[in-house]
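Please open the model in your viewer and keep the sequence panel beside it, since each stop on this tour begins with a selection. The walk goes from the whole chain to single residues.

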Amino acid sequence: MVRIDLKEKEAGTGTDLDSVLAKQRAAFNAHTNPPWSERKANLQKLGKAIEEHAEEFQKAISEDFGNRAYEETTIAELLVIKGGISHALKHTKHWMRARRAPTALQYKPASNRIIPQPLGVIGIISPWNYPLQLAVMPLIGALGAGNRAMIKPSEYTPRLSDLLKRVLGTIFTEDEVYVATGGVKVASAFSALPFDHMIFTGSTSVGKIVAAAAAKNLVPCTLELGGKSPTIIDESANMDTAVARIANGKLLNAGQTCVAPDYVLMPAEKINSFSDAIIEKAESFYPTFAGNKDYTSIIADSHYARLQDLLEDAENKGARIRVAGDDDKQQLAKERRVPLTVVTETTPDMKIMQEEIFGPLLPVVASETLEDSMQYVQSHERPLALYWFGEDKSKREKVLTETISGGVSINETAWHVVQEDIPFGGVGPSGMGAYHGEHGFETFSHMKGVFTQSRFSQGKNLFPPYTDKTRKMLGLMKKIL
Ligand code: NAD
C-alpha cells in the first residue's frame, strides 16, 4: 500500500513510549485486580466523554476524510461504541466472577475453578477507516477486563487522533490510558513494546510486521485484518433486498470498510439485471456523488489513485465498467469521490480480483451453482466476512458449515460486526483472535485455571516408593478413565 508522507508529530521515540509503558506497568502491579466499581467508573466516563465530544469527533473525522456525513459517523462509530459500553456495563461484573469448572472423577473430591485476571497493559494499534470505533472498542474490552492501555491511532486521520488524545487525556491519567500519535516511526516503536497483549487492526501486510515485532517479546497478539469478503447471491434470494443491502454495505464510508462486500458471486444470466438494479439503488441513495454531504470521500490521494489503478487494470484486461450517476469526473477527482462502480466480465488476472478493494468498486463474478461459489471462496484466502443472500435453508447451512470466514451475515452485509454477543475476528490471513463483548473480556484477561486439592485426597497412594498397592491403584484408575 502506498503511504502518504506525514511528518512524525510526536517526539514519539521508543524511549518516551518505554517510559509510559513502565509507568502503566508499575501502576498496574501496585493494583492488579481493580474492582468492578473502578472498571464501571472507567467505562462510564469513557462513554460520557465520547458523547460530550460527539460533534467534535464527527467534525474531525469528516475533515480527515475530506467529507463524511455526521450521520454515518453516528451509525458506524458513535452508536457502536455506545452499544459496546452499555453491553459491557451490563455484563462485565458477571464475566469477572470465578467460574466453577468440572473435576474428573479420579481427582475428586478436589475442585477446579477458572479465575479471570487482568493481563496488565494492552497495546492497541488502530486504522483510519473507522478511526474512533476501532480505537475505542478494544479499549472497552481492555478496561472492562481491568487493564491499562496504550493506543496508537492512524496517521491518516491526524485531527481525530489528536482529538482522541486530548479527550482521553482529560479523563484518564497517563498511567491509565495513553494515546501515542504519529506516523509509521511511532507505530513501529509502539509495536516493539513488551505489552501484556497487543491488538492490531489494519492491513494483512502490516499485521505480519506487527506480529513479527510482537513475537520478539512473546507478546500475544490479536490481529484484526482485512481481505476480500465474498457475497454469494443464491437463486432463492429476494433480489430487491439483496441489491439494497449490498449497495448499503458497499457504499457506507464509500466502501472503506474492512467487512464491506468485496465482490459478488452469482449466476451469469442474472448479472445484467443485478448491475442495473444496484446502480439504480446507488443513485437513489446518492442522487449525486460529487458535492453530496451524505457521501464519504476517499481518505487520501494515494488511495484514490490506487482505486483508479484497479479500474484501469481491469478495463485494460477486458472488464466491463459501469459507473453510477453522471457526475463531472474532474469534480469527483477534486473531492476524491468514487461513485459505485460495477465491474463485470472479470478474470482472475485482474488486480481487482486479487487485492482487497477497500473502496466502492464492485466486481461481479459469474458462478452458476452453490458448489462453484463455495469452490471459489475456498480456493482463495480465508476472508474476514462472508455474505449469503437466499431463502433456501439447506443451501444456507451448507455454506455456513463448509466455508471458512471470520464471520457471516445472512441476508445482510456487515451487521454481524456490531453484535456484542458474538465474537468478531478474522481467520488465517484475515486475522487471529477475536473481541467484542465477553470474547473481548476473555481476550484481554488471563483465564487462570486453579486446582484446589482436598484434604481427603488419595494422591498419597501414588507417592514413591512404588509398591503393589501403587500398581493396584493405577489399575483401578485405568478402569475409571
Ligand atoms: P494499515 O495496516 O496501513 O495501518 C494500521 C495501523 O498500523 C496504523 O495505525 C498505522 O500507523 C500502523 N502501522 C503502519 N505501519 C506500521 C509498522 N511498520 N509497524 C507497526 N504499525 C504500523 O491499515 P489501514 O490502511 O489504516 O487500514 C486499512 C486496513 O485495515 C484494511 O486492510 C482493512 O481491511 C483493515 N481493517 C480491518 C478491520 C478489522 O476489524 N478486521 C477493521 C478496519 C480495517
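What follows is a set of stops, each with something to select and a description of what is there.

**Before you start**

This is a predicted model, in which local features are described only at a pLDDT of at least 70 and side-chain atom pairs count only at pLDDT 80 or more, while totals for chains, interfaces and linings use all residues. Residues are numbered from 1 along each chain as its sequence is written, and side-chain values use heavy atoms, with hydrogens and water left out.

**Stop 1: the whole chain**

Select the protein chain and show it as a cartoon, where you will find 16 helices and 16 strands; these are DSSP runs numbered from the N terminus, with helices being H or I over at least four residues and strands being E over at least two. Along the principal axes, the C-alpha atoms fill a box of roughly 85 × 55 × 35 Å. The radius of gyration of the protein chain is 25 Å, which agrees with the value near 23 Å for a compact globule of 481 residues; the radius is taken over C-alpha atoms, and the globule rule is 2.2 Å times the number of residues to the power 0.38.

Now switch to a surface, of which the protein chain exposes about 22,000 Å², with carbon and sulfur atoms supplying 54% of this area; the areas come from the Shrake-Rupley method with a 1.4 Å probe, and for residues only the protein chains shown count as cover. Of the 481 residues, 52% count as buried, where buried means under 20% relative accessible area, exposed means over 50%, and partly exposed lies in between (1.4 Å probe, protein chains only). Among the contacts with a separation of 6 or more, 75% are made by residues 24 or more positions apart, a contact being heavy atoms within 4.5 Å.

**Stop 2: colour by confidence**

Colour the chain by pLDDT, the predictor's confidence in each residue from 0 to 100. The average for the protein chain is 95, and 97% of the residues score at least 70. Then select residues 1–15, over which pLDDT stays under 50, although the model has 27 contacts beyond four places in sequence for them. Where pLDDT is low, the predicted coordinates should not be read in detail.

**Stop 3: two cis peptide bonds**

Select K108 and P109, whose peptide bond is cis with omega near 5°; P109 is found in the loop between β1 (99–101) and β2 (111–118). Then move to P464 and P465, which are also joined by a cis peptide bond, here with omega about 0°. P465 has its place in the loop between β16 (445–452) and α16 (468–480).

**Stop 4: two residues with positive phi**

Select A254, in the loop between α9 (239–251) and β9 (263–266). Although A254 is not a glycine, its phi is positive at about 50°, and with 0% relative accessibility A254 counts as buried. Next select E345, in the loop between β11 (341–344) and β12 (361–366), where phi is about 55° and again the residue is not a glycine. E345 is exposed, with a relative accessible area of 54%.

**Stop 5: R336 and Y286**

Is R336 buried or exposed? At 17% relative accessibility, R336 counts as buried, and you will find it in the loop between α12 (329–334) and β11. Beyond its neighbours within four places in sequence, R336 is in contact with residues including F65, G66, D301 and Y304. Add N67 to the selection: R336 and N67 are 269 residues apart in sequence, and their C-alpha atoms are 9.2 Å apart in space.

Then select Y286, in the loop between α10 (271–285) and α11 (301–316), which counts as buried at 7% relative accessibility. Leaving out residues up to four places away in sequence, Y286 touches E72, L251, N292, D294 and Y295.

**Stop 6: R113 and D372**

Finish with R113 in strand β2, which is partly exposed with a relative accessible area of 36%. Not counting residues up to four places away in sequence, R113 touches R99, A101, K448, G449, V450 and T452. Last, select D372 in helix α13 (residues 370–378) together with P102, and draw a distance between their C-alpha atoms, which are separated by 45 Å.
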